[in-house]
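Colleague: Hi! Could you walk me through this one? I'd like to start with a charged side chain and work outwards.

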Amino acid sequence: MATGANGVKPHPRGCLAPLTANGGPWARMVDNIASKLAFFPPTPPTYTVQQHKDATGELYIQPTDRTYQRISQARVRWLETRQGHRIISAFLPYMDGRGGSQASTTLLYSHGNAVDLGQMLPVFRDLGRLLKVNVMGYDYTGYGASSGGTGPSVTATHSDILAVLHGLEAEHKVKRQDVVLYGQSVGSGPTVCANDSKSSYSTISFSANHAQVWLRMCCT
């Protein structure tokens, strides 16, 4: 079995299996305490989800603050998680500028704390142009327009990123071997957990301390 960050071995049934297997009061208490310490979503959100009033009916993200740009090329989709939450995602394809094909590599970006997609979409666009890759972003349960229960939690973020990975394949036809996982700050937790013993994603984790908290809670 592969060894994760800081020498912690992933659980054979998935990163969050020990925390959620029994669903008892201890598991819920640990998740609740960690979640209150870890997550600070922008309140109110910096955007709304709108629908084009044309034949396509496509969704788009409309910033509520003029400081942030509306990114028209983002392909916005709702995704359903296994916890029954509905989260918002945005896929930004990189084209070569000459009408060519979409880039083969896709960066799945799990953003840091105290931000949401309204603020991050311009960053994703510029990052995609710089690296010449597609970028997939999303908001965790309880962030931005992503709804669900009592708000963000450790277990919800893992469910969220798995839904996004499924959406990349099902909605955007991105192959698993072409996905690179990137987690910034609090996003390093679900990023590391998603790349468990059954996965083969390339992973970049920025803020090892957050990743170690997730791994010690969920993978020991």
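Modeller: Happy to. This is a predicted model, and a good place to begin is glutamate 58, which counts as partly exposed at 34% relative accessibility.

Colleague: Which side chain does glutamate 58 meet in a salt bridge?

Modeller: Arginine 77, with an N to O distance of 3.2 Å. Arginine 77 lies in strand β3 (residues 75-80), while glutamate 58 sits in the loop between β1 (47-51) and β2 (59-63), so the pair ties together parts that are 19 residues apart in sequence.

Colleague: And what does arginine 77 meet at 3.5 Å?

Modeller: That is glutamate 171, again a salt bridge, at 3.5 Å from N to O. Glutamate 171 belongs to helix α4 and arginine 77 to strand β3, so this pair ties together parts that are 94 residues apart in sequence. Glutamate 171 is partly exposed, with a relative accessible area of 42%.

Colleague: How many salt bridges does the structure hold?

Modeller: Three. Besides the two with arginine 77, the side chains of aspartate 126 and arginine 125 meet at 3.1 Å, N to O. Aspartate 126 is partly exposed at 39% relative accessible area, whereas arginine 125 counts as buried at 17%.

Colleague: Which residues do shared partners join into one network?

Modeller: Glu58, Arg77 and Glu171 are joined that way by their salt bridges.

Colleague: Back to α4, then. How many residues does it have, and how far does it reach?

Modeller: Helix α4 covers residues 154-172, which is 19 residues. From first C-alpha to last it reaches 26 Å, close to the 27 Å expected at 1.5 Å a residue.

Colleague: Is α4 largely enclosed, or largely open?

Modeller: Largely enclosed by the rest of the structure, because 14 of its 19 residues are buried. Lysine 173 follows the helix and has a positive phi, near 55 degrees.

Colleague: Switching to α3. What should its 15 residues span?

Modeller: They should span 21 Å at 1.5 Å a residue, and the end C-alpha atoms are 20 Å apart, which agrees. Just after α3, lysine 132 takes a positive phi of about 60 degrees.

Colleague: What do the buried residues of α3 pack against?

Modeller: Strands β1, β2, β4 (86-92), β5 and β6 (134-138). The buried residues of α3 include Leu117, Met120, Leu121 and Phe124.

Colleague: What caps the N-terminal end of α3?

Modeller: Aspartate 116 does, with a side-chain oxygen 3.1 Å from the backbone nitrogen of glycine 118. Aspartate 116 is found in the loop between β5 (106-110) and α3.

Colleague: Where is the nearest side chain of opposite charge to aspartate 116?

Modeller: It is arginine 70, 15 Å away, and aspartate 116 has no salt bridge although it is buried. Leaving out residues up to four places away in sequence, aspartate 116 touches Pro42, Pro45, Thr46, Tyr47, His111, Asp139 and Gly144.

Colleague: What about glutamine 119: buried or exposed?

Modeller: Buried, at 18% relative accessibility. Glutamine 119 has its place in helix α3 (residues 117-131), and a polar contact of 3.3 Å joins its side chain to that of tyrosine 68. Beyond neighbours within four places in sequence, glutamine 119 is in contact with Pro42, Thr46, Tyr68 and Ala114. Pro42 and Thr46 are also among the residues that aspartate 116 touches.

Colleague: Zooming out, how many helices and strands are there in the protein chain?

Modeller: Six helices and eight strands. Along the sequence the pattern reads α-α-β-β-β-β-β-α-β-α-β-α-β-α. Of the 220 residues in the protein chain, 50% are buried. Of the contacts between residues at least 6 apart in sequence, 62% join residues at least 24 apart.

Colleague: Last thing: what pLDDT does the protein chain average?

Modeller: The average is 81, and 72% of the residues score at least 70. Over residues 1-14, though, the pLDDT is below 50, and that stretch has 28 contacts in the model beyond near neighbours in sequence. Residues 210-220 also stay under 50, with 42 contacts beyond four places in sequence.

Colleague: How should I treat those contacts?

Modeller: With caution: where pLDDT is low, the predicted coordinates should not be read in detail.

Note on methods
Residues numbered from 1 in each chain as written. Predicted model: local features only at pLDDT ≥ 70, side-chain atom pairs only at ≥ 80, totals over all residues. Heavy atoms only, no water. Helix = DSSP H or I, 4+ residues; strand = E, 2+ residues; numbered from the N terminus. Expected span 1.5 Å × (residues − 1). Buried < 20%, exposed > 50% of the residue type's maximum accessible area, 1.4 Å probe, protein only. Salt bridge = Lys/Arg side-chain N within 4 Å of Asp/Glu carboxyl O. Polar contact = N/O pair within 3.5 Å; in protein donor to acceptor, adjacent residues only side chain to side chain. Contact = heavy atoms within 4.5 Å. Lys, Arg positive; Asp, Glu negative; His and termini not counted. pLDDT = per-residue confidence, 0-100.
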